[in-house]
Amino acid sequence: MKSEVKFKKVVDNKTQAFVENICNGFKKELEEACIEIGEDLLQYRERTMSSILFPVLEKNSTKTLMEVGFLKDDKRRSLDFYSLDKNNERCYFIEFKHCFDKSSVKHLAKYNLQKWEKVNEQIKDLNVDTSGYIDGNKDMFGISIFMIVVQTDFKELEKESNNDRYSKLYNKINEQFLEADWYWIYKTPEKLIKLPKDKKNLFYSNVAFIGIINEVK
């Protein structure tokens, strides 16, 4: 069953479909990788999660690249991913960041909110005056993806239900990410929770993607 992506602003159908495909493709790729490797990969950080995201982008694109460079104000910068869509009509510049969050706390930590601000900086800054774009003659969109992995102590199982954890994460997103254009929440299935992990007292109960979308004009 597909997890639903929620859009807080009007997004054109093609970009909306791309974001939805990425979220649901990530879920599938993550579950397959965890089962094949035999451990819960959600315990790992951004580089590992990027390696899960990359093949998903490839499957939904004609071509996907990592660390695409461009010039802005005479300074060299880079974005994490570039994807050219299946019809070669538009391209997406994607910035990705990751954080862990405890299900037992009411608010996301300040240093994680700083990561949210960071992932959006270059997406907001994209415009047609920026030199060095690939496929600058195509429709271009910047998309940020901020990934939250929710850590839950097994001791909390008796204190809160799956619905409680979902509601807490939902509230954090809607209270602390006011500028987000879209979000997606995924409940980790039991088959992943049961897989081996380094910290045996923890499991990873939910995953969220949150982001903004900037049409490059």
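# Reading a predicted model: questions and answers

Tutor: Lys168 is partly exposed, as its relative accessible area is 31%, and this value, like the others discussed here, comes from a predicted model.

Student: Why is Lys168 called partly exposed?

Tutor: Buried means under 20% relative accessible area and exposed means over 50%, and because the 31% of Lys168 falls between these two cut-offs, the residue is placed in the partly exposed class. Lys168 belongs to helix α4, residues 162-176.

Student: Which residues does Lys168 touch, beyond those up to four places away in sequence?

Tutor: Lys168 touches Ser103, Ser104 and Glu160. With Ser103 there is also a polar approach, since a polar atom of the Lys168 side chain lies 3.3 Å from the backbone oxygen of Ser103, a distance inside the 3.5 Å limit for a polar contact. Leu84, by comparison, is 84 residues from Lys168 in sequence and 36 Å from it in space, C-alpha to C-alpha.

Student: What makes Ser83 buried?

Tutor: Its relative accessible area is 0%, and because the class requires a value under 20%, Ser83 counts as buried. Ser83 sits in strand β3, residues 75-84, and when residues up to four places away are set aside, Ser83 touches Phe18, Leu57, Ser61, Lys63, Thr64, Arg90, Cys91, Tyr92 and Ile94.

Student: Which side chains make polar contacts with the side chain of Ser83, and at what distances?

Tutor: The side chain of Ser61 does so at 3.3 Å, and the side chain of Thr64 does so at 3.1 Å.

Student: Why does Ile193 count as buried?

Tutor: The relative accessibility of Ile193 is 13%, and because this is under the 20% cut-off, the residue is classed as buried. Ile193 lies in helix α5, residues 190-193, and, leaving aside neighbours within four places in sequence, is in contact with Phe154, Thr188, Phe203 and Tyr204. Of these, Tyr204 is 11 residues away in sequence, with a C-alpha to C-alpha distance of 6.7 Å from Ile193.

Student: Why are α1 and α2 called oblique to each other?

Tutor: The axes of helix α1, residues 13-37, and helix α2, residues 46-59, come within 9 Å and cross at roughly 125°. Angles of 65 to 115 degrees count as roughly perpendicular and those over 145 as roughly antiparallel, and because roughly 125° fits neither range, nor the one under 35 degrees for roughly parallel, the two helices are oblique. The crossing of α1 past α2 is right-handed. On the α1 side the contact is made by Phe18, Asn21, Ile22, Gly25, Phe26, Glu29, Leu30 and Ala33, and on the α2 side by Met49, Ile52, Leu53, Pro55, Val56, Leu57 and Lys59.

Student: Which residues of α2 are buried?

Tutor: They are Met49, Ser50, Ile52, Leu53, Phe54, Pro55, Val56 and Leu57. As for its length, α2 has 14 residues and reaches 20 Å from its first C-alpha to its last, close to the 20 Å expected at 1.5 Å a residue.

Student: How do you know that the span of α3 agrees with what is expected?

Tutor: Helix α3, residues 110-125, has 16 residues and at 1.5 Å a residue should span 22 Å; because its end C-alpha atoms are 23 Å apart, the two values are taken to agree. The buried residues of α3 are Asn112, Trp116, Val119, Asn120, Gln122 and Ile123.

Student: What is noted about the phi of Glu67?

Tutor: Glu67, in strand β2, residues 63-72, has a positive phi of about 50° although it is not a glycine.

Technical notes
Residues numbered from 1 in each chain as written. Predicted model: local features only at pLDDT ≥ 70, side-chain atom pairs only at ≥ 80, totals over all residues. Heavy atoms only, no water. Helix = DSSP H or I, 4+ residues; strand = E, 2+ residues; numbered from the N terminus. Expected span 1.5 Å × (residues − 1). Buried < 20%, exposed > 50% of the residue type's maximum accessible area, 1.4 Å probe, protein only. Polar contact = N/O pair within 3.5 Å; in protein donor to acceptor, adjacent residues only side chain to side chain. Contact = heavy atoms within 4.5 Å. Axes fitted to C-alpha atoms, helices over the stretch in contact; angles between N-to-C directions. Left-handed = near helix turned anticlockwise from the far one by under 90°.
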